[in-house]
Amino acid sequence: TAGHLDIIGRGLKLVDKLIVGVAVNEAKKPLFSLDERTAIVEEETAKLHNPRGVEIEVRPFDNLLMHFAETCGAHVIIRGLRAVADFEYEFQMVGMNRALDASIETVFLMADARRQAIASKLVKEIARLGGDISKFVTPRVAQALVGPPTEHCA
């Protein structure tokens, strides 16, 4: 979503190398395969404003976030927050992650005010019901989600 790209773009200001993890999470019912999502993220992050020339690497993963971070040699995990509900969940996750590996810090970036309402779950629902998602995703993703026209009851 545009929200994810915003956090990634702002994260470029904080690190010398940014690894974007694309997670396997069937509970989120992704509309694209892992390979498709990884390719989309690679394509879209290549377009980001990156004046410092920070290396961006996109990697899929299917294990614990902390194990993925350790494998990457990460020192920091950057996460986005939209609302209080996000904070409650993320607060619990940070506690568990610190118990797994206290050497890796988690940094939270607040969502841009224009993107706080963007939730991938809601974007998927709007797309499934034929709504316009162009305000919430990149043109490539919007085009990929456009399906055949559906008939509606009068």
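## Packing of H3 against H4

Helices H3 and H4 are oblique to each other, because the angle between their axes falls in none of the ranges counted as roughly parallel, roughly antiparallel or roughly perpendicular, the last of these running from 65 to 115 degrees. In this predicted model, the axes of H3, which spans residues 65–72, and of H4, which spans residues 84–100, cross at roughly 50 degrees and come within 10 Å. The sense of the crossing of H3 and H4 is right-handed.

On the H3 side the contact is made by Leu65, Met66 and Glu70, which meet Met93, Asn97 and Leu100 of H4. Sorted by character, the residues of this contact of H3 with H4 comprise four that are nonpolar, one that is polar and one that is charged.

## The surroundings of Asp16

Asp16 is located in the loop that lies between helix H1, residues 2–11, and strand S1, residues 17–23. The relative accessibility of Asp16 is 69%, and Asp16 therefore counts as exposed, since the class of exposed residues begins over 50%.

When neighbours within four places in sequence are set aside, Asp16 is in contact with Arg52, Val54 and Glu55. With Arg52, the contact includes a polar one between the two side chains, at 3.4 Å.

## A long separation

Asp16 and Leu129 stand 113 residues apart in sequence, and their C-alpha atoms are 41 Å apart in space.

Note on methods:
Residues are numbered from 1 along each chain as its sequence is written. This is a predicted model: local features need pLDDT of at least 70, side-chain atom pairs count only at pLDDT 80 or more; totals for chains, interfaces and linings use all residues. Side-chain values use heavy atoms; hydrogens and water are left out. Axes are lines fitted to C-alpha atoms, for helices over the stretch in contact, and angles run from 0 to 180 degrees between N-to-C directions. Helices (H or I, at least four residues) and strands (E, at least two) are DSSP runs, numbered from the N terminus. Angles under 35 degrees count as roughly parallel, over 145 as roughly antiparallel, 65 to 115 as roughly perpendicular and the rest as oblique. A crossing is left-handed if the near helix is turned anticlockwise from the far one by less than a right angle, and right-handed if clockwise. Contact means heavy atoms within 4.5 Å. Ala, Val, Leu, Ile, Met, Phe, Trp, Tyr, Cys and Pro count as nonpolar, Asp, Glu, Lys and Arg as charged, and the others, Gly among them, as polar. Buried means under 20% relative accessible area, exposed over 50%, partly exposed in between (1.4 Å probe, protein chains only). A polar contact is a pair of N or O atoms within 3.5 Å; within protein, one must be able to donate a hydrogen and the other to accept it, and residues adjacent in sequence count only if both atoms are side-chain atoms.
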